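Dear colleague,

Here is the structure I promised to pass on to you. Please have it open while you read, since my notes on what was found in it follow directly below.

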Amino acid sequence: MRSPHAASNRVVLSLVALAVALLLLGDFASVQANRIAPGRGLGLFVALGPAWALAVLGALLTLAGLALRPSPARYRGMLALILLLLIQLPASLGWFIQLHIGADQPQARAGLASGCWSLLFLSLLLLIEVRQRVPAPWWWLGPGGLLLVTALLIQGGELAALALLREYASRSAAFWQALRGHLGLVGGTLGCSLLLGLALTGLIIRLPRLQRPVFGVLNFFQTIPSLALFGLLLAPLSYLAAHSPLLQSLNVRGIGWAPALLALVAYSLLPVVRNSCVALQEVAEEVLESARGMGMSRWQLFSQVRLPLALPVILEGLRITSIQAIGLTAVAALIGANGFGSFIFQGLGQGAMDLVLLGALPTIALALLADALFSGLARYFQPGGRR
Amino acid sequence: MIELDGVSRLFDGVPAVEGMSLRIERGEICVIVGTSGCGKSTTLKLLNRLLACSSGTIRIDGQDIAELDAERLRRRMGYAIQHTGLFPHWTVARNIGVVPRLLEWPAPRIEARVRELLELFGLPYASFADKFPSQLSGGQAQRVGVARALAGDPEILLMDEPFGALDPITRESLQNELLRIQARIHKTIVFVTHDLDEALKLASRIVVMDRGRIVQHDTPSRLLEQPANAFVENLFGQGERGLKRASLQRVGACMLPLQGAAPAVSVGAEDSLRQALSLMLWHRTGELCVRDAEGRALGVLPIGAVLQGPRA
Amino acid sequence: MSRRPSALRPWLAPLGWLLLLLAAVFWLGELEALFRALEPSARTLIYPRASFARLLLNHLAIVAAAALLAVSLGLAAGILVTRTWGRDFLPLVSQVAAIGQTFPPVAVLALAVPLLGFGSLPTVFALLLYGLLPVLRNTLAGLQGLPAEVLEAARGIGMAPLRVLLEVELPLAAPVILAGIRTTLTVTIATAAIGSTIGASTLGDPVIAGLVNGNSAYVLQGALLIGLLAISVDSGFDCLQRLITVR
């Protein structure tokens, strides 16, 4: 084992080198005269002016300098620099807009180019790396500050010329409707699959010989690509809807929310059932024995021993399910289910990349949020995790 | 011959082995004992360079091992460890043959060697060669582990608590087997254990370690008779020291010539004085008849001779 | 050798699915009457713009290119960061692999367009990026999950590092790595179908065209073929995995 402070941190050095190279070689941001005109990319120094550009590069080089002979104090210094880099990012965009887009150009829009994206991604990677080397409970100030500054600048109108926001401005009602649709479908999926999944789990635990066939079927669903499953549901559902007034009144058709929900629940069952089965079946035998030995009833055994021990694993299943459902809901826009996917596919159809971003970024954000939410819950319910 | 000269090893600046100097003669079983974390396993790994020395030198037959190629060095030394480290995806035969294959022996010679070793450890080739490690019992797996360590015909055998995970009965039979085999092959064996009875039984010399340093390096009986300090005395069980020493001494070395009728209760000449004492206590007698393996009476063992110990 | 008589049996299921897929590719066009029942009013009933065989080959080519690259890169990265000299990068790489898998595949696909434009290339690129993660994750899990004493024994016996990797680490980690490759293939096949929306010609074409034109016969044809392809490949992999983890 090498002592932790002897060698330079090669990971930070490589990430910084990559960031500097990408910033110098690629465009930082771009300007479009209007929605249809081709964008004009600007390098870091032109985009932000020499002072701001040098400050960014200086911060990166200082980071590299600290990484040459790291120590806990220097790691905290690096972390502080990374936080600054993240927080300045939205501000630099505001500055860029002020420099390059005059108030007399209401149609002009600013886009993020490779330099800006790489700076964002590499700063986040640096944050992940440095956070592991030194305990610093304030690391979240970086992403938190980034979001806060962005929100403040949007509120103040400084970023209004950003292409993404121009797209949003022209369809803000549709955006919130898409969010509601997306969340509704994902929430419905989670609810249905949790109910159905737990029922199936109970059945499997009572009748273990059902385990193989049930998992066989659920695994089979997972194998079928989403587009194929949506397509296969179309014909039978339209047939059913055509012959059932009840279904018609519920707005069930071959396309729309019904096939989407059916398919999403089919996909979601496997993670839910698998995790709850594993969790409930694999509680250590001696734990159960000692609980029975103490005179616990079946219900007490379930509610006080099995369930609390199984909960984190079940939540992990829900985490996988929700991430999967968020992605698939976007695909379901192809069969007319409401959600951010409709922006993605509209944008792709019109060749409007900013509209694609308006759909793709919130989808990713939702997935990351679900991930954070459920892993946080799982940690909270982990035995000994509540602190 | 293995020589350690002022060897130290630090982990994150904390010494695990410190200023260790030691000479292990050819053909002896040197057992390193000590409480867990005393640096005994580290010492073993320094010998085959799984770990590098922070300072000091280790020489084998006068040659500094730091100057040798680490992999070649390891192929010259057998290495057997507690959980066997058998490769689970290979058959027993392939596991045993791995070092000969690394040494690029011709295939027929490897097969002959595997056959020889399996027979040596009492594992019939026909029924064991094609088994996988998961199909072996703990004792069998450990035998295969030791056989693998011996396969390349190394001069030196390093053993890191090889019998530590076995039940007492299997452990004892493997210890006996090791002594039997060692009597035929005369390897230099460095053996690490925390089981003191095992150390006393196997060792020609014992190294007692505490907090990275050698406390005493001596023969088993001298360790019992003249412990260097309170730590060694404690380690070898103050109260039971007499019994421990008795278990090192053979009945044959203490018996007196037979005069008159043989006593009713018999003991083997190869048994230990400890076993003889136990028989006396159990049968409430002060005298045993000493017989050889064929049951012929060789002499008599009165309690007085036991108290006196082996005659010079 | 005694396994000989049953050696073919595990392959029956994937073989059956494969035959079904091929039958669908070549004879789906003959079933016009059946599709007429579904879409009585449509002018054309069989997807006209390309033959199903052509689409299947395209689909396979895109999947193969992406999966091959993803597997080799993921495997290489997983091996590199578990060697002594690459271990500095291990925490970052394993965290990125974990976080990356929360990104929805459609979003990754969509984001490849601003970078590379429309067509097969961005599809392959997005699939590669996304397919990398399961392989990488499972390679890391497989290599790090090996029993420490086996590795110690391998080194203690005098095996050179490359030999330890090739003869001990990779064979022992193979089942886990293979499971990762299987996930990669499943995701890749599914996402390649959606690649139709960014201009790659795949089996997704009939589905998309059918949805756009309101022709459910096209949709059904595409969906059937995609489903059969995915199931054939997956069940083939299932056999492979079972053969390897026989012990």
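To begin with the interior of this predicted model, the largest nonpolar core holds 177 residues, and those that touch the most other members are A:Ala29, A:Ala332, A:Ile344, C:Ala110 and C:Leu229. The element that gives the most to this core is helix 11 of chain A, spanning residues 257-281, with 16 residues. Both domain 1 (10-170) and domain 2 (172-381) of chain A are represented in this core, each with at least three residues. If you would like one residue to look at in detail, A:Ile344 touches A:Ala330, A:Ala333, A:Val356, A:Gly359 and A:Ala360 in chain A, and also C:Val106 and C:Ala110 in chain C, when residues up to four places away in sequence are not counted. Another core, of 70 residues, lies apart from the one just described, and B:Val7, B:Val33, B:Val98 and B:Ile110 are among its members.

Turning to chain A by itself, the domain assignment gives domain 1 as 10-170 and domain 2 as 172-381, and the C-alpha centres of these two domains lie 36 Å apart. Where they meet, six residues of domain 1 of chain A and six residues of domain 2 of chain A take part in the contact. On the domain 1 side, the largest share, five residues, comes from helix 6 of chain A, which covers residues 163-170. By character, the residues on that side of domain 1 are four nonpolar, one polar and one charged.

Chain C is built of 10 helices and has zero strands, and its C-alpha atoms fill a box of roughly 75 × 55 × 20 Å, taken along the principal axes. Chain C has 247 residues, of which 47% count as buried. Among its contacts between residues at least 6 apart in sequence, 74% join residues that are at least 24 apart.

Which helix of chain C gives the most to the side that touches chain A? The contact as a whole takes 38 residues from chain C and 37 residues from chain A. On the side of chain C, at least two residues each are supplied by helix 4 (90-100), helix 5 (105-116), helix 8 (161-194), helix 9 (204-213) and helix 10 (216-244), and it is helix 10 of chain C that gives the most, with 10 residues. The residues on this side of chain C divide into 28 nonpolar, eight polar and two charged.

In chain B, I would draw your attention to a set of paired strands. Strand 1 (residues 2-11) and strand 4 (residues 55-60) of chain B run antiparallel and are joined by five bridges, and in this pairing B:Glu3 of chain B stands opposite B:Arg59 in strand 4. Strand 4 of chain B is also joined, by two bridges, to strand 5 (residues 63-64) of chain B, and these two strands likewise run antiparallel. Here B:Ile60 stands opposite B:Gln63 in strand 5 of chain B. Strands 4 and 5 of chain B form a hairpin with two residues between them, and B:Asp61, in the turn, has a positive phi of about 50°.

With best wishes

Note on methods
Residues are numbered from 1 along each chain as its sequence is written. Chains are lettered from A and ligands numbered from 1 in the order in which they are written. This is a predicted model: local features need pLDDT of at least 70, side-chain atom pairs count only at pLDDT 80 or more; totals for chains, interfaces and linings use all residues. Two strands pair if DSSP finds at least two bridges between them. Helices (H or I, at least four residues) and strands (E, at least two) are DSSP runs, numbered from the N terminus. A nonpolar core is a set of buried Ala, Val, Leu, Ile, Met, Phe, Trp, Tyr and Cys residues joined through C-beta atoms within 7 Å. A residue is buried if 20 or more other C-beta atoms lie within 10 Å of its own, exposed if 12 or fewer, and partly exposed in between; C-beta atoms are placed from the backbone. Domain bounds come from an automatic or database domain assignment. Two residues are in contact if their C-beta atoms, placed from the backbone, lie within 7 Å. Ala, Val, Leu, Ile, Met, Phe, Trp, Tyr, Cys and Pro count as nonpolar, Asp, Glu, Lys and Arg as charged, and the others, Gly among them, as polar.
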